[in-house]
Amino acid sequence: MDRFSQRVIVIGAGPVGLCLALALAHEGVEVALIEALREANFLEQVPRAGTNHPATLEMLDSIGLYAKLEPRGIIAPLFHYWDRAEHRLIAEFDHRHIKQDTKFPYVLQCERIKIVEEALKLAKMHPNIELRLATEFTSFIQDADGVTASVRNADGESELLRGGYLVSCEGAKSLVRKALGISFEGFTYPDRTLNIEVAYDFRKHGYTERNYISDPQEWSNLFHWKGPPDRWRVHFPTAPEEEDEALTRPDALQSRLQRFLPTSQPFDIVGTNLYTVHQRVAEKFRLGRAILAGDSAHVNSPIGAMGMNSGIHDAFNLKDKLIKVLRKEEGEDILDRYERQRRHVALKHTQAQTIRNKRLLAEQDPAIRRKNHEELRRTAEDPKLARTFLLRSSLIESLREAERIL
Ligand SMILES: Cc1cc2nc3c(=O)[nH]c(=O)nc-3n(C[C@H](O)[C@H](O)[C@H](O)COP(=O)(O)OP(=O)(O)OC[C@H]3O[C@@H](n4cnc5c(N)ncnc54)[C@H](O)[C@@H]3O)c2cc1C
């Protein structure tokens, strides 16, 4: 048996790769964690995920990460649906309705960058993790006994790393997925989303920490993040033909914000970026000893905060199965169960729900809008219906359903 046949090579120290590495390492598995970013630029990443759902918090707790993140985030038991045209609160959902279902009946608003920063500190200290920053994965081959990954290391030299399994947590552009010829089925929305970060307390106007705002002309999302200074992210749709420069000019940002919420003062804008939204799921999550997890396996609209959460759920599901295979308690075909379970979640929960979420916010037909809003109001006010809704929105239902897939 070769020396590294029990080692798992994880490509990418994003939230999914770090969680997988820490979860495996906690169970005594040796991990080589490969990340292209350097120590010096690791924290210079564009703002992305940040809402952590209850089931994810339970997983983060199991690897000692929750305790590091809670002081850096905002505990948010509530979220709102608003009607922008009428500046009217449609429905308030309260995670306390699922307090018998989870140890954490709230979301933690804590940005991806803080998660990877804290997780990286834990990974550096873990004796079972060989962390390689500034190391770019370039290709791999697999044989009956293991995988060999080619990387360009921090000194610019090519190097070969050997392991029993290789997990691609490289994000949406996964080289592993491409090398395996696995198609990334789905579509890309033609419009991009504009994110504006503002230091302003929107709670004065009745908003809570997470707000989904429907409007036939310009739907939006509004989220609160811990500072200093405390910031709020406002997401707006843009027309496909609009140029970046015109969209992100300071006066254009100000007037968009003032249309959204007229105030007597200009907003203190602390950042902005544009992003493209894809809805894609890989045709396969595993071929032989190479496995996909997180954004390398599925990408979706951020409305509903599910991409990173479901990627972390992939990591924990895969960890359980890899451990059984490495300990020879189960055969390799258990890894196909990972694919059956997590691909089902990606298609039937994450993708289906995020498509529905966007449609709900952007609905144009006044009669359908009224019906949707009435249904949301009724659901939020009835504890039984609210619990069912929250189990779905917080991805607990997806985990329970996946467990039933053999
Ligand atoms: C605006 C926005 C808001 C979002 N909000 C939410 C939210 O609230 N909740 C939620 O759940 N999701 C959200 N998402 C989605 C979320 O950001 C992603 O699903 C999540 O970051 C995926 O994590 P990952 O670890 O799979 O990949 P990534 O975060 O993309 O990390 C991949 C890592 O791999 C490294 N890497 C890539 N290629 C190589 C290589 N060749 N060699 C070595 N290293 C490599 C990269 O440097 C990176 O560190 C949001 C996304 C956007 C755009």
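How do the residues of the shell around the ligand divide into nonpolar, polar and charged, and what is the count of each? In this predicted model, the shell holds 15 nonpolar residues, 9 polar residues and 6 charged residues. There are 30 residues around the ligand. Those that come nearest are Glu-35, Arg-112, Asp-295, Met-308 and Asn-309.

Backbone atoms also approach the ligand. An oxygen atom of the ligand is 2.8 Å from a polar backbone atom of Met-308. At Gly-307, a backbone N or O atom lies 3.3 Å from an oxygen atom of the ligand. At Ala-36, the partner on the ligand is a nitrogen atom, and the distance to a backbone N or O atom is 3.1 Å. On its own, the ligand has 1000 Å² of accessible area, and the protein covers 88% of that. Three elements, α1 (15–26), β9 (136–142) and α8 (307–326), give two or more residues to the shell. The largest share comes from α8, with 3 residues.

The helix α1 also pairs with another helix. Two packed helices are described by the angle between their axes and the distance between the axes. The partner of α1 is helix α4, residues 112–125. Their axes come within 9 Å and cross at roughly 30°. Angles under 35 degrees count as roughly parallel, so α1 is roughly parallel to α4. The crossing in which α1 passes α4 is left-handed.

Key. Residues are numbered from 1 along each chain as its sequence is written. This is a predicted model: local features need pLDDT of at least 70, side-chain atom pairs count only at pLDDT 80 or more; totals for chains, interfaces and linings use all residues. Side-chain values use heavy atoms; hydrogens and water are left out. A residue is near a molecule or strand if one of its heavy atoms lies within 4 Å of it. A polar contact is a pair of N or O atoms within 3.5 Å; within protein, one must be able to donate a hydrogen and the other to accept it, and residues adjacent in sequence count only if both atoms are side-chain atoms. Accessible areas come from the Shrake-Rupley method with a 1.4 Å probe; for residues, only the protein chains shown count as cover. Helices (H or I, at least four residues) and strands (E, at least two) are DSSP runs, numbered from the N terminus. Ala, Val, Leu, Ile, Met, Phe, Trp, Tyr, Cys and Pro count as nonpolar, Asp, Glu, Lys and Arg as charged, and the others, Gly among them, as polar. Axes are lines fitted to C-alpha atoms, for helices over the stretch in contact, and angles run from 0 to 180 degrees between N-to-C directions. Angles under 35 degrees count as roughly parallel, over 145 as roughly antiparallel, 65 to 115 as roughly perpendicular and the rest as oblique. A crossing is left-handed if the near helix is turned anticlockwise from the far one by less than a right angle, and right-handed if clockwise.
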